[in-house]
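Let us take a walk through this model together, from the overall form of one chain to a few backbone details. Please keep the view open as you read.

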Amino acid sequence: MKTEISSWLVFRLLLRPAGVFEELSNTRPDPHIVFFRYLIWLAVLPPLFAYIGAANFGWRIGAAEPLYLPGGDLVIISIVYFFVLLFGFVTTALVAQWMAATYGARHSLGIHFALVIIVAAPLVAGSIIHLFPHIFINVIALIPILIWSMYLLYRGLPIVLKISPERGMLMASALIGYLLVAAVSILGISVAMWGRGIGPSIGV
Amino acid sequence: MFSVIWAVLGMTAGVYVAAELVWPTLDFGQQWLSFGRLRTLHTNGVIFGFGVSALMGTAFYSVQRTCHVPLFAPKLAWFCCFAWQICVLLGGISLLAGWNGGKEYAELEWPFDIAITLVWVCFAIVFFGTIARRRIKPIYVSNWFYGALIIVIAMLHIVNSLAIPVTISKSYSIFSGAQDAIVQWWYGHNAVGFLLTGGFLGMMYYFLPKHADRPIWSYRLSIIAFWAFVYSYIWAGPHHLHYNAIPEWVQSLAVVMSLILLAPSWATMINGIMTVSGAWQKLRTDPALKFIVLSLAFYGLATFEGPMMAIKSVNVVSHFTDWTIGHVHSGALGWNALITFGTFYFLIPRLMGTGLYSIRLANIHFWMALAGTMLYILAMWGAGVSQGLLWLSLDEIGELSFSFKDIMASMPPYYLLRFVAGLVFLAGALLMTFNLYMTIKGRRTVQVQPPEVRSHQV
Amino acid sequence: MMNGIGLHKKLEENTGLLIFGILFVSSIGGLVQVLPSIFQESLKTPTVTTRPYSAVQLIGRDIYIRESCSVCHSQQVRPLLAEVKRYGPYTRAGEAVYDRPFLWGSKRTGPDLHRVGGKYSDIWHRLHLINPRDVVRNSIMPAYPWIAQRAANADGDIQLKMRALQKLGHPYTDGEIEAAPGQLEGLMEIDALIAYLQVLGTSRGPGDTP
């Protein structure tokens with residue numbers, strides 16, 4: 001079994017996913033290499049775009065004029081965004097690895113990192129929309145991309161983790177359940193932090 | 001059957017009111033098309049029409065199979081079925097006419113309150129009568145949940161509906177103000193808890209193992225989860241009243257119990273997931289199982305999001321916003337509707353002695369239901385969090401940053417997305433209606449014999 | 001744990017015990033959380049300035065309920081800085097004792113109305129109710145033209161209503177009930193609704209500025 005993933009994998013994923021799935025199913029990548037060579041960079045791009053967009057155009061949250069935050073705050077927000085993404089990627093891979101036993105899937109952490117890359121890549125590419133930080137435009141652009149990601153998950157998971165399509169469907173559904181819970185937790189935690197004074201100032 | 005009809009009618013009302021939130025003149029100046037009337041028709045239609053009909057039907061079906069006896073008082077059961085439909089139909093018309101008690105999910109006025117109580121008593125008699133006559137000693141877990149549905153909803157409905165009638169179409173609640181609020185949400189939250197959650201868990205506990213052809217993963221877990229569920233759900237009501245004019249201790253208790261409630265909810269979900277994970281081969285030929293699997297994922301989301309939103313620091317931003325609406329629909333569409341659709345796809349072909357008319361249509365329905373639900377949730381998360389944040393937002397000198405008008409003026413794009421989501425979901429339900437109709441048309445007679453009772457070891 | 005299973009067997013094998021068990025376990029929460037509040041004086045005592053609704057206001061309130069206004073408009077100002085700035089003093093339980101049912105609401109598609117009394121003129125309300133977009137350009141609120149065409153006493157039940165409320169403890173005098181139909185003479189439903197809106201939040205809790 002190969003242990004190397006090609007550097008162009010992420011780009012090929014966006015254009016010819018089927019070939020990528022096949023290749024990954026025969027690969028046993030080293031988790032450290034996958035993490036440092038790919039995952040970290042995937043996590044860097046959305047905060048970078050967000051920073052550039054917010055600093056140059058201001059956030060448009062719908063009402064009246066754009067909101068310009070002080071530079072220091074923007075840097076902190078971008079750094080937090082980066083770590084939240086990274087934390088999300090790693091925990092999703094760990095959760096998938098934990099679920100693998102129930103579904104008879106491959107166990108190697110490296111391949112689960114690769115699975116995360118498959119799901120995250122379209123969203124990271126789409127995060128270029130952060131360059132224009134209008135909340136509704138981001139929502140409209142990212143929803144179809146999210147649907148594409150979910151499709152890649154359902155199609156790719158069984159091939160990459162070497163299980164039948166039916167078991168893959170079950171495992172993918174469980175993983176989506178986890179992702180939904182994680183997403184809503186991020187919403188909740190952010191909101192709770194605002195009430196504590198971290199973030200936008202709200203009069204509570 | 002009726003459940004499917006109410007599903008379509010109730011969801012059409014929902015899509016219509018979603019459209020009215022984007023294009024408010026869609027009521028054409030008519031009272032009965034007005035948002036206030038139609039929204040009430042929507043909530044009552046889907047909960048009492050779609051939901052209860054599905055629960056009654058599946059309860060009557062499964063209680064016979066699990067007790068190995070035919071229904072106690074079958075004529076009474078038929079009465080329940082038709083009487084309930086009449087209550088919902090006439091009740092719906094009364095709502096359009098403006099008969100309104102003013103309390104959420106309890107809008108039907110006192111004549112209907114009495115009528116549905118009577119039908120509910122009949123429901124209890126048939127259900128528990130069948131159990132009392134059973135030929136298998138232990139009562140199966142799905143019947144505990146259906147039983148809890150019947151008993152607790154009766155208690156909640158009777159107390160919350162206590163009122164002095166004034167005319168045929170108007171009554172005044174015996175509770176007022178803050179007391180009324182506490183009673184209403186003791187009812188309202190647990191209507192969700194025992195009808196939309198508990199009752200449907202009864203459905204899950206019967207149909208999932210049947211469907212997957214495997215026993216429930218953990219019997220012990222189901223016991224603990226059931227009693228913890230019945231105990232803790234009741235306390236969560238006041239989380240609808242955080243920062244409202246009710247005692248602090250009631251609110252705090254609601255926070256704690258809402259969080260504790262997460263455990264039995266998820267325990268039941270895990271029981272379901274582990275049961276079905278061993279039955280993956282069936283997915284190839286059985287689209288209905290897909291619905292049930294996904295419904296468990298959304299059940300997990302909704303039962304996690306609920307306790308999270310019950311925490312005061314989250315609630316301070318989420319209360320009164322569209323986030324709450326998103327939460328409701330992640331449960332109502334993602335859990336309730338999906339598991340009911342899966343059950344219908346499983347049950348109706350069996351009752352008709354034939355296969356499902358079109359597996360392909362069912363698969364298409366699955367993706368439409370998933371897409372509609374996801375779109376709904378994301379649109380409402382976006383709208384809700386923005387509203388909550390902006391309403392509370394203060395500028396550098398401590399004054400309000402935005403006017404209410406300006407904030408809400410930016411919501412219609414989200415409402416448009418939500419309308420599209422509803423349309424997609426409804427279209428999927430219509431596909432199902434066609435599919436089931438064609439299945440029923442192709443039916444053959446089915447003979448049912450109560451199975452032989454072999455000795456059972458517990 | 002095995003003993004627990006044994007105990008549960010009893011519940012599982014006896015319909016009556018199961019029913020009783022469910023009823024018992026599910027009542028505990030209500031008994032602890034709901035019942036005390038029924039007896040709590042502070043939740044039942046009106047504030048000094050809170051009055052029961054007049055006949056006209058009562059008809060207006062019932063129209064508000066009929067049209068499901070509380071589905072989009074809350075009536076509960078929370079004790080949060082931003083809310084108090086936007087709407088006025090926060091809601092006290094004592095202001096709601098004559099509210100049957102309570103109309104605190106769960107959703108704000110439109111603004112909170114708890115303190116709307118006196119903030120807008122009668123004419124503004126009239127124009128707004130008949131067609132909201134005449135006064136608020138981007139409003140998505142439905143229009144209510146029919147309430148300007150129906151008489152306030154069209155149902156003829158105001159005395160029945162006030163007597164029922166009197167039974168429930170509202171301090172209406174018999175004289176007030178006698179005079180009620182006369183007060184509704186010549187008014188349309190929209191006038192009653194406006195009268196109700198204009199009284200909202202005009203009562204105060206202790207220590208609030210008027």
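What follows goes from chain A to the nonpolar cores, then to a covered helix and some backbone angles.

Please keep in mind that this model is predicted.

**Chain A as a whole**

Chain A is built from seven helices and has zero strands. Read from the N terminus, its elements run α-α-α-α-α-α-α. A compact globule of 204 residues would have a radius of gyration near 17 Å, and the 18 Å of chain A agrees with that. Along the principal axes, the C-alpha atoms of chain A fill a box of roughly 55 × 35 × 30 Å.

How much of chain A counts as buried? The share is 50% of its 204 residues. The accessible surface of chain A comes to about 9400 Å², and carbon and sulfur atoms hold 74% of that area. Turning to contacts in chain A with a separation of 6 or more, 68% of them are accounted for by residues 24 or more positions apart. As for charge, chain A carries 11 positive and 7 negative side chains, with the centres of the two sets 6 Å apart.

**Two nonpolar cores**

In soluble globular proteins, nonpolar side chains tend to be buried together. Here the largest nonpolar core has 244 residues, and the members that touch the most others are M11(B), W323(B) and F341(B). Helix α6 of chain B, residues 177–212, gives this core its largest share, with 19 residues. Apart from this core lies another one of 37 residues, with I65(C), A152(C), L193(C) and Y196(C) among them.

It is worth zooming in on F341(B). Once its neighbours within four places in sequence are left aside, F341(B) is in contact with M11(B), F50(B), F291(B), H365(B), F425(B), A429(B) and M432(B).

**A covered helix in chain C**

Helix α10 of chain C spans residues 189–199 and is mostly covered, with eight of its 11 residues buried. These buried residues are E189(C), I190(C), A192(C), L193(C), I194(C), Y196(C), L197(C) and Q198(C). Two of these, L193(C) and Y196(C), are also among the members of the 37-residue core. Which elements do the buried residues of α10(C) pack against? Their partners are α5 (55–66) and α7 (122–130) of chain C. Just after α10(C), G201(C) takes a positive phi of about 75°.

**Backbone details**

Most residues other than glycine have a negative phi, and most peptide bonds are trans. The table gathers positive phi values in the model, including that of the glycine.

| Residue | Phi | Place |
|---|---|---|
| G201(C) | about 75° | just after α10(C) |
| D213(B) | about 65° | loop between α6 and α7 (219–233) of chain B |
| S68(C) | about 55° | loop between α5 and α6 of chain C |

Are D213(B) and S68(C) buried or exposed? D213(B) is exposed, with a relative accessible area of 61%, whereas S68(C) is buried, at 6%. Neither residue is a glycine: this holds for D213(B) and for S68(C).

There is also a cis peptide bond to look at, the one from R100(C) to P101(C), where omega is near -10°. P101(C) has its place in the loop between α6 (81–87) and α7 of chain C. That α7 of chain C is one of the helices against which the buried residues of α10(C) pack.

Technical notes: Residues numbered from 1 in each chain as written. Chains lettered and ligands numbered in written order. Predicted model: local features only at pLDDT ≥ 70, side-chain atom pairs only at ≥ 80, totals over all residues. Heavy atoms only, no water. Helix = DSSP H or I, 4+ residues; strand = E, 2+ residues; numbered from the N terminus. Rg over C-alpha atoms; globule rule 2.2 N^0.38 Å. Buried < 20%, exposed > 50% of the residue type's maximum accessible area, 1.4 Å probe, protein only. Contact = heavy atoms within 4.5 Å. Areas by Shrake-Rupley, 256 points an atom, 1.4 Å probe, with all protein chains shown as cover. Lys, Arg positive; Asp, Glu negative; His and termini not counted. Charge placed at Lys NZ, Arg CZ, Asp CG, Glu CD. Core = buried A, V, L, I, M, F, W, Y, C linked by side-chain atoms within 4.5 Å.
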